[in-house]
Amino acid sequence: MKKITLSLLIGLMFLIQNSCLANEELSKQAIAFYSDNNFQKTLDLLLQIDENERTAQDWLLLGNLFDEKEDKNNAIFMYQKVINADPKYYKTYYNLGNIYLEDEKYTLAIENYNKAIKLNKENPYVYYNLACAYIKTAELKKAKNNLIKAVTLKNDIPEIHYNLAYVYKNLKKPKIAQQYLDNYKKLTTQEF
């Protein structure tokens with residue numbers, strides 16, 4: 001009896017290990033197909049992984065796929081699954097912020113961008129999008145502060161300079177506004 005139980009246990013452990021390896025391989029392949037913009041193949045591979053075995057990255061890709069298809073409700077659902085799997089996955093909050101910003105739900109966008117920033121203070125796009133949400137809510141000083149953080153991290157994004165010009169103009173600082181507008185013009189007319 002002990003031999004049968006031990007054999008069953010060893011067999012079960014072997015199956016679990018192989019299942020984990022298979023899921024890992026499916027995830028890696030899905031990421032590769034996603035990187036190549038082959039969204040259907042990405043979806044097919046991710047759906048082969050049992051829901052209970054999906055990683056935060058798997059759920060994030062599923063959310064991104066639904067977002068690409070403009071199926072925001074399912075994208076949000078998948079992003080919530082990411083948060084359940086790994087609440088420190090900053091990309092999830094950034095993506096949720098983008099959905100809410102697009103849907104003009106600025107308070108939710110701001111909340112999610114701030115969560116993303118707490119987890120990753122080095123992404124200029126999070127600060128930029130947070131600033132855009134603040135512009136939409138007429139909180140221009142907060143917008144300015146976040147745009148300055150964004151431009152400090154990456155100063156070659158024309159839109160950041162353009163929005164800084166807009167914000168400074170509305171804050172009644174035309175000289176500074178003009179400097180950022182000039183920067184914007186330089187960045188958009190550079191030859192590559």
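**Exercise 1. Elements of the chain**

State how many helices and strands the chain has, and in what order the elements run.

Solution. The chain has 10 helices and 0 strands. Helices here are DSSP runs of H or I with at least four residues, strands are runs of E with at least two, and numbering starts at the N terminus. Read from the N terminus, the order is α-α-α-α-α-α-α-α-α-α. The model is predicted: local features need pLDDT of at least 70, side-chain atom pairs count only at pLDDT 80 or more, and totals for chains, interfaces and linings use all residues. Residues are numbered from 1 along each chain as its sequence is written, and side-chain values use heavy atoms, with hydrogens and water left out.

**Exercise 2. Burial and contacts in the chain**

Find what percentage of the residues is buried, and what share of the contacts with a separation of 6 or more joins residues 24 or more positions apart.

Solution. Step one concerns burial. A residue is buried under 20% relative accessible area, exposed over 50%, and partly exposed in between, with a 1.4 Å probe and protein chains only. Of the 192 residues in the chain, 41% are buried. Step two concerns contacts, which are heavy atoms within 4.5 Å. Among contacts with a separation of 6 or more, 41% are between residues 24 or more positions apart.

**Exercise 3. Two residues with positive phi**

Locate N37 and E70, and decide whether N37 is buried or exposed and whether E70 is buried or exposed.

Solution. Begin with the general rule: most residues other than glycine have a negative phi. N37 has a positive phi near 60° and is not a glycine. N37 sits in the loop between α1 (2-35) and α2 (39-47). Its relative accessibility is 57%, so N37 counts as exposed. E70, also not a glycine, has a positive phi of about 60°. The loop that holds E70 runs between α3 (56-68) and α4 (72-85). With a relative accessible area of 66%, E70 is exposed.

**Exercise 4. P87 and its contacts**

Place P87 in the chain and list the residues in contact with P87 beyond its neighbours within four places in sequence.

Solution. P87 belongs to the loop between α4 and α5. Its relative accessibility is 45%, so P87 counts as partly exposed. Once neighbours within four places in sequence are set aside, P87 is in contact with V82, Y93 and L119. A56 is 31 residues from P87 in sequence, and their C-alpha atoms are 9.0 Å apart in space.

**Exercise 5. An aromatic pair**

Describe the pair formed by Y94 and Y113.

Solution. Rings of Phe, Tyr and Trp (its six-membered ring) pair if their centres lie within 6.5 Å; planes under 30 degrees apart are stacked, over 60 edge-to-face, and the rest tilted. The whole structure has 4 aromatic pairs. In one of them, Y94 and Y113, the centres are 6.1 Å apart and the planes make 50°, a tilted pair. Y94 is in helix α5 (residues 90-102) and Y113 in helix α6 (residues 106-119), 19 residues apart. Y94 has a relative accessible area of 18% and is buried. Y113, at 0% relative accessibility, is also buried.

**Exercise 6. Packing of α7, α8 and α9**

For each of the pairs α7 with α8, α8 with α9 and α7 with α9, give the axis angle and the axis distance.

Solution. Axes are lines fitted to C-alpha atoms, for helices over the stretch in contact, and angles run from 0 to 180 degrees between N-to-C directions. Angles under 35 degrees are roughly parallel, over 145 roughly antiparallel, 65 to 115 roughly perpendicular, and the rest oblique.

- α7 and α8 pack at about 160° with axes 8 Å apart, and are therefore roughly antiparallel. Their contact includes Y127 and Y134 of α7 and L147 and L153 of α8.
- Helix α8 (residues 140-153) packs on α9 at about 150°, the axes 10 Å apart, which makes α8 roughly antiparallel to α9. Among the residues of this contact are I148 and V151 of α8 and L164 and Y168 of α9.
- The axes of helix α7 (residues 124-136) and helix α9 (residues 158-170) cross at roughly 30° and come within 11 Å; α7 and α9 are therefore roughly parallel. Y128, C132 and I135 of α7 meet E159, I160, N163, Y166 and V167 of α9.
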